[in-house]
Amino acid sequence: MTKKHHHIFFVILISISLVTLLSQGHPILFGLLLGGVVSYVNLCLLQWKVTRLVRVVTTNKRFATAGTILRIGAALLVVVLVESYLTHIPILAVIIGLMFKYVVVLIAGFWSFLEAKKFIEKGE
């Protein structure tokens, strides 16, 4: 994961944390924060597995992993936890928080596209 991913994720999570504190702990914001933290962990796991896969491909070694199962398991664990024990937190807010990973990847991709476009225009 690049520094862009970390910065975007931290901005999102810190802004949700501040709004949660200012709103005196609204349950929807807690759900977004919980889902966002799990989404961040999933993105870190995904990046670690991709880096490991690249290393294995470059060295021609065998590769076996349970990365997808870990990421799906983490998402299911937080959903079951919220459904079973934290019933005051809306499940929809947690699911939206779990989707932050995809928003961050799209923003970072768009950001990289703009930087590449500037670099190409500057070089010509």
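Select Glu83 to begin: in this predicted model, Glu83 is partly exposed, with a relative accessible area of 48%. That value falls between the 20% under which a residue is buried and the 50% over which it is exposed, so Glu83 gets the middle label. You will find Glu83 in helix H3. Now add Leu33 to the selection and draw a C-alpha to C-alpha distance: the two are 50 residues apart in sequence and 16 Å apart in space.

**Along helix H3 to Val79**

Stay on helix H3 and pick Val79, which lies in that helix. Is Val79 buried or partly exposed? With a relative accessible area of 21%, Val79 is partly exposed, because buried requires a value under 20%. Show the neighbours of Val79 and leave out those within four places in sequence: the contacts are Ile91 and Leu98. For a sense of scale, select Lys49 too; its C-alpha is 23 Å from that of Val79, with their positions 30 residues apart along the chain.

**Into the largest pocket**

Val79 is also one of the residues that line the largest pocket, so keep Val79 selected as you turn to that space. A probe the size of a water molecule, rolled over the atoms, reveals where empty space remains. The largest pocket holds about 190 Å³ of space. To see its lining, select Asn42, Thr68, Arg71, Ile72, Ala75, Val79, Ile95, Leu98, Met99, Lys101 and Tyr102.

Colour that selection by element next. Helix H3 (67–84), helix H4 (91–98) and helix H5 each give two or more residues to the lining. Which helix gives the largest share? That is H3, with five residues. Then colour by residue class: the lining divides into seven nonpolar, two polar and two charged residues.

**Asn42, a buried stop on the lining**

From the lining, pick out Asn42, which sits in helix H2. Asn42 is buried, since its relative accessible area is 4%, and the cut-off for buried is under 20%. Turn on polar contacts here: the Asn42 side chain reaches the backbone oxygen of Arg71 at 3.5 Å. Beyond the four nearest places in sequence, Asn42 is in contact with Arg71, Ala74, Ala75 and Lys101.

**Back along helix H2 to Gly35**

Move along helix H2 to Gly35, which belongs to that helix. How is Gly35 classed, buried or exposed? Gly35 counts as buried, because its relative accessibility is 0%. Not counting residues up to four places away in sequence, Gly35 touches Val94, Gly97 and Leu98. Leu98 should already be lit up, as Leu98 is part of the pocket lining. For a long distance line, join the C-alpha atoms of Gly35 and Val57: they are 22 residues apart along the chain and separated by 33 Å.

**The nonpolar cores**

Now hide the pocket and show the largest nonpolar core, a set of 14 residues. Those with the most contacts inside this core are Phe9, Ile12, Ile16, Leu32, Phe100 and Val104. Helix H1 (3–22), helix H2 (27–59) and helix H5 (100–123) each supply at least two of the core residues. Zoom in on Ile16 and ignore the neighbours within four places in sequence: what remains in contact is Leu29, Leu32, Leu33 and Phe100. A second, separate core has seven residues, among them Val38, Val78, Val94 and Leu98.

**Last stop: Ala108**

Finish on Ala108, in helix H5. Ala108 counts as buried because its relative accessibility is 4%. Which residues does Ala108 touch, not counting those up to four places away in sequence? They are Lys4, His5 and Ile8. As a closing distance, select His7 alongside Ala108: they are 101 residues apart along the chain, while their C-alpha atoms are separated by 9.8 Å.

Conventions. Residues numbered from 1 in each chain as written. Predicted model: local features only at pLDDT ≥ 70, side-chain atom pairs only at ≥ 80, totals over all residues. Heavy atoms only, no water. Core = buried A, V, L, I, M, F, W, Y, C linked by side-chain atoms within 4.5 Å. Buried < 20%, exposed > 50% of the residue type's maximum accessible area, 1.4 Å probe, protein only. Helix = DSSP H or I, 4+ residues; strand = E, 2+ residues; numbered from the N terminus. Contact = heavy atoms within 4.5 Å. 1 Å grid on protein atoms, 1.4 Å probe; cavity = no way out; pocket = protein on both sides within 12 Å on 5 of 7 lines; lining within 4 Å. Points joined across faces, edges and corners; volume = space filled by probe spheres on them. Nonpolar A, V, L, I, M, F, W, Y, C, P; charged D, E, K, R; others polar. Polar contact = N/O pair within 3.5 Å; in protein donor to acceptor, adjacent residues only side chain to side chain.
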